[in-house]
Amino acid sequence: MSVTALSSAWRDWIRDGLERGCSQQQLVDVMLQNEFEANFARAAVSVVALEPRGAAAQKPPTEPMVPHRFPLDGNTVPGLDRPVQVLFRLERPRVILFGNILSEQECEQIINLSRNKVERSTTVDNATGKSVEHEARTSEGTFFLLNENELIERIDRRLAALLQHPIECGEGLQILHYNVGGEYRPHFDYFDPNIPGSKPHLEERGQRIGTLVMYLNDVEAGGETIFPDLGLSVAPRRGHGVYFEYSDDSGTLDPLSLHGGAPVIRGDKWIATKWLRQRASR
């Protein structure tokens with residue numbers, strides 16, 4: 001197959017990945033996970049890497065920036081180790097509800113691995129960039145390193161293929177547990193570049209560009225992921241995940257991505273969160 005057969009969506013995705021600082025091999029690996037032939041994937045990445053990159057900078061400043069995108073056709077995403085359904089889409093901000101991201105067994109395994117590790121959740125301090133406790137976030141949580149064990153590695157690889165974003169350009173899974181009354185008031189996941197505490201995070205790995213929240217259990221009542229400015233709420237259902245984007249590769253941010261976790265009314269809530277970054281660790 002000639003490289004000219006590469007779709008514009010995949011060409012844009014390769015170009016975006018290169019501009020975020022991902023290596024050519026990282027991009028090839030994701031293409032292989034999406035069933036591209038190896039020689040074609042390597043050739044495609046190499047050709048796009050040699051193309052001029054000045055076109056975006058010449059756009060009029062009034063033209064809206066295009067956020068991080070990945071090709072998404074049909075109602076089931078192919079090329080994964082399990083079929084993932086697309087249950088709904090919203091274009092701005094881009095919000096996608098996926099079904100069947102995690103199996104019931106995987107959800108239980110993550111909860112069991114996390115149950116004795118969770119501690120009071122923190123937020124990023126605006127002044128220092130350090131992690132501090134805050135009254136707006138009443139949950140307990142823990143983290144897994146990228147590919148920390150066989151289970152986490154399998155999930156990290158699945159998410160990299162689903163979102164077509166290299167594993168190295170994502171953060172490790174964060175696991176959160178909310179009891180009755182637990183909530184996370186509306187907030188942004190991106191780092192505000194105007195706040196001093198964001199500087200070390202932006203310098204290290206660039207901006208966060210997207211979030212995937214995966215539900216590890218069914219909640220009896222409450223616990224929805226809410227988007228106040230959109231009038232949208234997503235009820236937690238085991239194995240489902242809601243993905244949303246809020247930044248393009250130039251760092252332009254979308255305030256419509258304001259979101260939160262509604263209070264749990266009955267039962268409890270377990271979620272696993274994956275944040276996507278512009279680049280891998282230096």
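This section describes the nonpolar cores of a predicted model and three buried residues, Glu106, Gln174 and Thr273.

The largest nonpolar core comprises 32 residues. Within this core, Phe98, Ile101 and Leu216 have the most contacts. Both strands and helices feed the core. At least two residues each come from strands β2 (84-90), β3 (95-99), β10 (208-215) and β17, and from helices α4 (104-114) and α5 (150-163). Helix α5 gives the most, with 7 residues. Another core lies apart from this one. That core has 18 residues, including Leu18, Cys22, Val45 and Ala49.

Phe98 illustrates how the larger core draws on separate parts of the chain. Neighbours within four places in sequence are set aside here. Phe98 then contacts Phe70, Val77 and Val84, among others. The run Gln85, Val86 and Leu87 also touches Phe98. Further along the chain, the partners of Phe98 include Leu162, Leu163 and Leu212. His240, Gly241 and Tyr243 are also among the residues in contact with Phe98.

Glu106 sits in helix α4. Its relative accessibility is 4%, so Glu106 counts as buried, the cut-off being under 20%. Beyond four places in sequence, Glu106 touches Ile101, Leu151, Arg154 and Arg158. One of these partners, Ile101, is also among the residues with the most contacts inside the largest core. The Arg158 contact includes a polar one: the side chains of Glu106 and Arg158 make a polar contact at 2.8 Å. Leu151 lies 45 residues from Glu106 along the chain. The C-alpha atoms of Glu106 and Leu151 are nevertheless separated by 7.6 Å.

Thr273 belongs to strand β17, which spans residues 269-277. Thr273 has a relative accessible area of 4% and is therefore buried. With neighbours up to four places away left aside, Thr273 contacts two stretches of chain. One consists of Gly172, Leu173 and Gln174. The other consists of Thr211, Leu212 and Val213. Leu212 is thus a contact of Thr273 and also of Phe98.

Gln174, a partner of Thr273, is located in strand β8 (residues 174-178). Gln174 is likewise buried, because its relative accessibility of 6% falls under the 20% cut-off. Gln174 and Leu145 are 29 residues apart in sequence. In space, their C-alpha atoms are 9.1 Å apart.

Terms used
Residues are numbered from 1 along each chain as its sequence is written. This is a predicted model: local features need pLDDT of at least 70, side-chain atom pairs count only at pLDDT 80 or more; totals for chains, interfaces and linings use all residues. Side-chain values use heavy atoms; hydrogens and water are left out. Helices (H or I, at least four residues) and strands (E, at least two) are DSSP runs, numbered from the N terminus. Buried means under 20% relative accessible area, exposed over 50%, partly exposed in between (1.4 Å probe, protein chains only). Contact means heavy atoms within 4.5 Å. A nonpolar core is a set of buried Ala, Val, Leu, Ile, Met, Phe, Trp, Tyr and Cys residues joined through side-chain atoms within 4.5 Å. A polar contact is a pair of N or O atoms within 3.5 Å; within protein, one must be able to donate a hydrogen and the other to accept it, and residues adjacent in sequence count only if both atoms are side-chain atoms.
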